[in-house]
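User: I should like to learn how strand pairing and ligand contacts are read from a model. Could we take one case step by step?

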Amino acid sequence: MREASIARSQAYAPYSNFSVGCALLLENGVVIRGNNQENAAYPSGLCAERVAIFAAGANYPGVAMVKMAITAGPVGSKFDKPVPPCGACRQSMVEYESRQEKSIELFFMGAVGKVARSRSLSDLLPLIFDNKYL
Ligand code: THU
């Protein structure tokens, strides 16, 4: 969460003013930070979680993802409800979980307050569409 907070402080979210930071721990001990990257053409931006997992996939191919911490909320607020990853991020992340055949644990919080935990992506996104259908 400390790493996720640093990532959040570096988010680029001038349009929504909702900053998200995450930290992804890999099996080799490397921690990848991600934050939301917005764009004047709104749909061209990307969520923090996908920034992190795609950076991991690009730079550490084949290294398992162990856990991710996420912190999010309106910039400058004391938002205290745990913020779970959006559906598109869940789908993107579950691809890596099913590929590595090991759960990715998730911890998520608001800007302050309680941390929620999920044992795996598939717990957050049951009945996933993955490569067994292709
Ligand atoms: N956002 C994330 O970074 N992760 C999520 O799981 C949900 C939403 C970002 C996208 C956008 O920059 C801002 O939060 C408001 O939706």
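User: Which residue in β5 stands opposite methionine 109?

Analyst: In this predicted model, methionine 109 faces valine 115 of β5. Two strands count as paired if at least two bridges are found between them; here β4 and β5 (residues 115-118) are joined by four bridges in the antiparallel sense.

User: Which residue takes a positive phi in the hairpin of β4 and β5?

Analyst: Glycine 113 does, with phi near 95°. The hairpin has five residues between the strands.

User: In which sense do β3 and β4 pair?

Analyst: Strand β3 (residues 65-74) pairs with β4 in the parallel sense, over five bridges. On this side, methionine 109 in β4 stands opposite threonine 71. Together with helix α3 (residues 87-100), β3 and β4 form a β-α-β unit that is right-handed.

User: How many residues of β4 are buried?

Analyst: Buried means under 20% relative accessible area. Of the five residues in β4 (residues 105-109), four are buried, and the strand is mostly covered.

User: Let us turn to the ligand. Which side chains and backbone atoms are in contact with its oxygen and nitrogen atoms?

Analyst: A polar contact is a pair of N or O atoms within 3.5 Å. The side chain of asparagine 36 has an N or O atom 2.9 Å from a ligand oxygen, while that of glutamate 49 has one 2.8 Å from a ligand nitrogen. At cysteine 86, a polar backbone atom is 2.9 Å from an oxygen atom of the ligand. The ligand taken alone exposes 370 Å², of which the protein buries 74%. The surrounding residues include Ser16, Phe18, Val20 and Pro85.

Conventions: Residues numbered from 1 in each chain as written. Predicted model: local features only at pLDDT ≥ 70, side-chain atom pairs only at ≥ 80, totals over all residues. Heavy atoms only, no water. Buried < 20%, exposed > 50% of the residue type's maximum accessible area, 1.4 Å probe, protein only. Helix = DSSP H or I, 4+ residues; strand = E, 2+ residues; numbered from the N terminus. Right-handed = clockwise from strand over helix to strand, strands pointing away. Near = heavy atom within 4 Å. Polar contact = N/O pair within 3.5 Å; in protein donor to acceptor, adjacent residues only side chain to side chain. Areas by Shrake-Rupley, 256 points an atom, 1.4 Å probe, with all protein chains shown as cover.
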